[in-house]
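Reader: I'd like to learn how to read a sheet, a helix and a few charged pairs in a structure. Could you walk me through them?

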Amino acid sequence: MLARISPDRLADILDVAEDGIVTVDACHEIVLFNRGAAKIFGYEPAEVLGRPLDLLLPQRYRPDHARQVSEFARGPVASRPMGERRTIFGRRKDGTEFPVEATISRLDAGGELFLTAIVRDAADRKKYEDALVRLNQELEERVKARTAELDERNLQLTQKTEENEMFVYSVSHDLRSPLVNLEGFSEELRIAVQDLQTLLKDERIPADLRGRADEVCETGVRESVGFVRTAVGRLGRIIDALLRLSRAGRVVYQPQVLDVATIARRVVDAMRRTAEDRKATVAVGELPPACGDPVAVEQVFANLIGNALNYLDPARSGKVEVGALPDRESPAGVRTYFVRDNGIGIPAAYQPKLFQALQRLHPDKAPGEGIGLAIVRRVLDRLGGTIRVESVSGTGTTFYFTLPASPAGGRP
């Protein structure tokens, strides 16, 4: 079909092309310059025909460009894009420079060599690319700044947490001494009241005076001493709980790949008598290995399984299940375990406070000061894990907690 097109008609076709078409001979002199090229470079064809190709290039690119064109003319490839690894620039008649996209082709015609470049003004594309680069740089700078800010905040929070832990430890330790004194003096007061009541049995004391004094000792002093001793015991348990919580943040852990199943079964065996007393069954499923401190992870299981047994519903057979979610249901690099029970459940309104220290929903169900779940969360935080709860009041509760799958965060 092309053979039927006359040279004049072919020139007309090339002239209507939007892209610039520039052909040079073996001497790098321009022999074809269409209207698209004229529009791009600002020259009329008559102004450039027969002139060197360097006319269309910035001065600084001319030596390298001439060498590259010569190498391409001698090479095996007949066509290739220019500027694959760098930006190519052209020069207009008015001297302005602009980025170009160019594809160069080689043609051997009757022993003559011609090189043809199809050129397109890439100024708009370059503008968008430059804008995108600037946006990416700004984004990177913002991300770096935000990361540095978060790192600083995390450092401050860590320091604050350490300060709080030391404060709690110091205050709890300092309270222990006066508490011991208070407990000792209240015991002496209790004994003194007993001695006084013994003395009041002396018949030489008038009956009405003896009766009144005995009433004061029994219903006044003895009752007050009882209240004091109860409060002292309660305060002592709170101090012990706060000390345990502060130690959970200061103890040095030894992370390693753990046989989690063995740890969980050891905890269940230790609580077998409690489960039998509550007529409950505890089932341990498949538990894949994870990374953590063995003592700390055993503490987590002990708290969660112990809570599950303590808060079962006596109206139905108790069931506690210990298991793990499939890897596909866990975030990459972590393992998710659960302790599920069919107990009395936790009301939705109380769940946000569940992991706070000294919070107890059912103080009548089990002894303690509401410190266990706070310690569990503290331990898991330090091990790089998390904990959450799902519960329906009257139906049961499931605690989910995660641990790193391995020291490197992958699947062991």
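Author: Happily! In this predicted model, helix α10 (residues 372-383) lies across β12 and β13 (396-404), and its direction is about 25° to β13.

Reader: Which strand order does the sheet have?

Author: The order is β8-β10-β11-β13-β12, in an open sheet of 5 strands with mixed pairing. At its edges stand β8 (280-284) and β12 (387-392); each has a single partner strand, so one side of each lacks a neighbour in the sheet. From one strand to the next, the twist averages 10°.

Reader: How many bridges join β10 to β11?

Author: There are 5, and these two strands run antiparallel. As one example of pairing, G323 has F338 in β11 as its bridge partner.

Reader: What span should helix α9 have?

Author: Count 1.5 Å a residue: the 17 residues of α9 (residues 294-310) should span 24 Å, and the end C-alpha atoms are 24 Å apart, which agrees. At the start of α9, a side-chain oxygen of D293 comes to within 3.1 Å of the backbone nitrogen of V295. Buried residues of α9 include V300, F301 and L304.

Reader: And salt bridges: is R335, for instance, buried or exposed?

Author: A residue under 20% relative accessible area is called buried. R335 counts as buried because its relative accessibility is 5%. Its salt-bridge partner is D327, with the closest N and O atoms 3.0 Å apart; D327 is partly exposed, at 33%.

Reader: How far apart are R273 and D277 in helix α8?

Author: They are 4 residues apart, which means a separation of about one helical turn. These two also form a salt bridge, at 3.5 Å between the closest N and O atoms.

Methods. Residues are numbered from 1 along each chain as its sequence is written. This is a predicted model: local features need pLDDT of at least 70, side-chain atom pairs count only at pLDDT 80 or more; totals for chains, interfaces and linings use all residues. Side-chain values use heavy atoms; hydrogens and water are left out. The expected span of a helix is 1.5 Å times one less than its number of residues. Buried means under 20% relative accessible area, exposed over 50%, partly exposed in between (1.4 Å probe, protein chains only). A polar contact is a pair of N or O atoms within 3.5 Å; within protein, one must be able to donate a hydrogen and the other to accept it, and residues adjacent in sequence count only if both atoms are side-chain atoms. Two strands pair if DSSP finds at least two bridges between them. Axes are lines fitted to C-alpha atoms, for helices over the stretch in contact, and angles run from 0 to 180 degrees between N-to-C directions. Contact means heavy atoms within 4.5 Å. A salt bridge is a side-chain nitrogen of Lys or Arg within 4 Å of a carboxyl oxygen of Asp or Glu.
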